[in-house]
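Hi there,

Here is the structure I promised to pass on. Please have a look, and my notes follow underneath.

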Amino acid sequence: MRINLGRVVNDIEQLARFNATPGDGLTRLSFTKEDKEAREYIKKEMKKIGLEIYEDGYSNLFGRREGKNSNAQVIMLGSHYDSVINGGKLDGVLGVVAAIEIMRVLDENNIENFYPIEMVAMNDEEGVRFGTGVSNSRAMAGLMKEEELDRAKDKRGVSLRQAMIEFGLTPNLEDAKRDENSIKSFIELHIEQGSVLQNNNKDIGLVETIVGLDRYDIKFKGKAGHAGTTPMNNRKDALVAASKFIISIEKIAKNIGESTVATVGELKLSPNASNVIPGFVEISVDIRSTKEESINNVYNDFKSEIEKIKKELDIDIEVIKTLYTPPVDLSEENIKLMENISEKLGYKYLKMNSGAGHDAMNMAHITPTSLIFVPSENGLSHHPDEFTKPKDFEKGIELMLNTIVELAMRDDNE
């Protein structure tokens, strides 16, 4: 029982056609025309296999293969198909097409699974459009609050709720929430987005821990003024304040260490003119660590730094938390199972941590969860040149297929 690599490559290429920036990487943001086009392709492939197709109240798209016991817990596999701006065509998508291909193989081989198997395609993991992230899985895990649907807005001021309605969905977080006892296991396949596997000459990464994410928007409110007539000692320069903070948070993360990182990735400036003192600046802050204590320490230290900047420059600074997911440990039992399968298949594997956030991090709150990595060439991701050799991701899909079969075939109550 083997996958058909040609079909997988074709799925990846077909989905790459649904792109807002042709010739400049892949851009497919949530609840857009490109999202809908990709979604229809996925639905079409699900229908060919005879899967039962349904959607929940946050746009998660499911394809269900019934089991001998239709009331039993579900084995779930899948990932996301949205992208960053000018990204690559494998990030997330590989996990979705892997799920489609595994469902094809099960159908072609007339496999009789005891547990129902569901694949899921998620459309709002990157969070680029609304500044949030891993939203589908947060909704499934009951970690999203109703107010976020109205608070989160894109650059045109369209709220997440409005975008979903325009997309043809009726937002319903209660409907999207999955009962903790409804899923037996969740498995996600993803490109590594780093160079650990390549540098260590390994085929497979078995993720033990996923970092926690702590994100903020910080608004610096100074006073605009004429660049030529306002004395230096009489300015409230919001950009100077933001610059001091950016430099300080880099030092804070370095001092804490333990693989803790902090990034300022967005900056909005107003009035944004060469001859006007900046009166307003808004930045994003992204903090990650495998230790919750380290994340809290970064936050406490940067809050102290903000108080110093406020007093020194006499400006207002507002801190808004936009996302928090704690570090999570993944299923040890599943890792042991995948180690055994990898050895039987002759795959070289490495147990490792993930520095990137994934939907698996939220699913781990409600079910035993696994995350499988395959190598990324030169560690490149979120870039048009993102690439993984087909023979490399074939091994990841084969491992996932064998793991799904092992989990879904046996009745644990016998």
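For the residue classes below, Ala, Val, Leu, Ile, Met, Phe, Trp, Tyr, Cys and Pro count as nonpolar, Asp, Glu, Lys and Arg as charged, and the others, Gly among them, as polar. This is a predicted model, where local features need pLDDT of at least 70, side-chain atom pairs count only at pLDDT 80 or more, and totals for chains, interfaces and linings use all residues. Residues are numbered from 1 along each chain as its sequence is written, and side-chain values use heavy atoms, leaving out hydrogens and water.

First, the cavity. The largest cavity (a set of points on a 1 Å grid over the protein atoms alone where a 1.4 Å probe fits but cannot get out) is lined, with an atom within 4 Å of a point, by Leu26, Arg28, Tyr81, Asp82, Ser83, Val84, Gly88, Asp91 and Val93. That lining has four nonpolar, two polar and three charged residues.

Now the helix packing. Helix α3 (residues 93–108; helices are DSSP runs of H or I, at least four residues, numbered from the N terminus) packs on α13 at an angle of about 55°, with the axes 10 Å apart. That makes α3 oblique to α13 (angles outside under 35, over 145 and 65 to 115 degrees). In contact (heavy atoms within 4.5 Å) are Leu94, Ala98, Ile102, Val105 and Leu106 of α3 with Phe393, Ile397, Met400, Leu401 and Val405 of α13. The residues of this contact are ten nonpolar, no polar and no charged.

Helix α11 (residues 332–345) also packs with α13 (residues 390–409), at about 125°.

Best wishes

Terms used: On a 1 Å grid over the protein atoms alone, a cavity is a set of points where a 1.4 Å probe fits but cannot get out, and a pocket is an open set with protein on both sides within 12 Å along at least five of seven lines; lining residues have an atom within 4 Å of a point. Axes are lines fitted to C-alpha atoms, for helices over the stretch in contact, and angles run from 0 to 180 degrees between N-to-C directions. Helices (H or I, at least four residues) and strands (E, at least two) are DSSP runs, numbered from the N terminus.
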